[in-house]
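Got the viewer open? Here's a short walk through the model, with a list of things to select along the way.

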Amino acid sequence: MPILSRMQQFEAACRAHGLPVTVQRRRIFEALCDRTDHPTPDQVYSAVKDTLPGVSRTTVYRVLDTLVRLGVLTKACSPTATTRVDPRTARHHHLVCQRCDRLVDVEDAAVDHRVRLPDARRQGFTIADYSIYFTGVCAACQEESTTHPPSRPAPQRARKRKPARSRSPAARARG
């Protein structure tokens, strides 16, 4: 059986789920196929808004959710809790920069061989797949911190507060 192109896989997934291959779904999927930067839905919107006149952010979010449900995209996690999409659906792992939030794919079969999955059946759970996120600092952020060390804010002095004047009972009564 011949290997299907990404677009053929997308079209087959839509049809298998009884969904039409709409212009919006096609253009959004096409915009993601060659990306490796794990874009946010807002970045996808920016990429397609000029080629899809009248498309809304809501439409982009809905289409991305649909494409994830179809299995032609995956969601990638991020420490900032920003949803990102990943056109790579085969198991792979990620490096996540704690400073700039960049996600980088990790291709290392040795990681999969070293992982010991928990026995989740005790909790009545069946593991279907997994992905590992390694956090750290990317090369660009490391370079930036050596060429432009963060400036330290000047220490702030504690300001002395004047004691509150107590008003006489007569003054308090007048309001």
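Start with strand β3 and its partner β5, residues 133-136: the two pair in the parallel sense over 4 bridges. Keep in mind that you're looking at a predicted model. To see how this pairing lines up, select leucine 95, which stands opposite phenylalanine 134 in β5.

Stay on leucine 95 and look at another neighbour: this residue also stands opposite valine 104 in β4. Strand β4 covers residues 103-106, runs antiparallel to β3 and is joined to it by 4 bridges. Follow the chain from β3 to β4 and you trace a hairpin, with 5 residues between the two strands. Pick aspartate 101 in that turn and check its backbone: phi is positive, at about 70 degrees.

Now show β3 with a surface on. How many of its residues are buried? The count is 4 of 5, so to speak a mostly covered strand.

**Next selection: histidine 94**

You'll find histidine 94 in β3, the strand made of residues 93-97. Is histidine 94 buried or exposed? Its relative accessibility is 2%, so it counts as buried. Show its side chain together with that of aspartate 105: the two make a polar contact at 3.2 Å. Then expand the selection to whatever histidine 94 touches beyond four places in sequence. You'll pick up His38, Asp86, Leu103, Val104, Asp105, Val106, Ser131, Ile132, Tyr133 and Phe134.

**Back along the chain: proline 87**

Proline 87 is in the loop between β2 and β3. This loop residue counts as buried because its relative accessibility is 2%. Put a distance label between its C-alpha and that of valine 72: you should read 6.8 Å, for two residues 15 apart in sequence. Valine 72 is also one of the residues proline 87 touches once those up to four places away in sequence are set aside; the others are Arg6, Leu32, Cys33, Arg35 and Leu73.

**Into the helices: α2**

Leu32 takes you to α2, where the buried residues are Arg25, Ile28, Phe29 and Leu32. Look down the helix axis with these four highlighted. They cover an arc of only 100 degrees, which puts them on the same side of α2. For the geometry behind that, recall that an α-helix has 3.6 residues a turn, so residues three or four places apart point the same way. What do the buried residues of α2 pack against? Colour α1, α3, α4 and β2 (84-86) and you have the answer.

**The nonpolar core**

Ile28 is a good way into the largest nonpolar core, which has 20 residues. Together with Val60, Leu64 and Leu67, Ile28 touches the most other members. Two or more core residues come from each of α1 (6-16), α2 (23-33), α3 (41-48) and α4 (57-70). Of these, α4 gives the most, with 5 residues.

Zoom in on valine 60 next. Beyond its neighbours within four places in sequence, valine 60 is in contact with Ile28, Pro41, Val44, Tyr45, Val48 and Val55.

**A polar stop on α1**

Select glutamate 11, in helix α1. Its relative accessibility is 18%; the cut-off for buried is under 20%, so glutamate 11 counts as buried. Which side chain does the side chain of glutamate 11 meet in a polar contact? Arginine 26 is the partner, at 2.9 Å. Leave out neighbours within four places in sequence and the contacts of glutamate 11 are Val21 and Arg26.

**Zooming out**

Switch to a cartoon of the protein chain and you get 7 helices and 5 strands. Read along the sequence, they follow the pattern α-α-α-α-β-β-β-β-α-β-α-α. Of the 175 residues, 27% count as buried. Among contacts between residues at least 6 apart in sequence, 48% join residues at least 24 apart.

Last, colour by pLDDT. The chain has a mean of 81, and 79% of its residues reach 70 or more. Where is confidence highest, and where is it lowest? Helix α4 has the highest mean, at 95, while helix α7 (residues 169-174) has the lowest, at 52.

Methods
Residues are numbered from 1 along each chain as its sequence is written. This is a predicted model: local features need pLDDT of at least 70, side-chain atom pairs count only at pLDDT 80 or more; totals for chains, interfaces and linings use all residues. Side-chain values use heavy atoms; hydrogens and water are left out. A nonpolar core is a set of buried Ala, Val, Leu, Ile, Met, Phe, Trp, Tyr and Cys residues joined through side-chain atoms within 4.5 Å. Buried means under 20% relative accessible area, exposed over 50%, partly exposed in between (1.4 Å probe, protein chains only). Contact means heavy atoms within 4.5 Å. The arc is that of the directions from the helix axis to the C-beta atoms. A polar contact is a pair of N or O atoms within 3.5 Å; within protein, one must be able to donate a hydrogen and the other to accept it, and residues adjacent in sequence count only if both atoms are side-chain atoms. Two strands pair if DSSP finds at least two bridges between them. pLDDT is the predictor's confidence in each residue, from 0 to 100.
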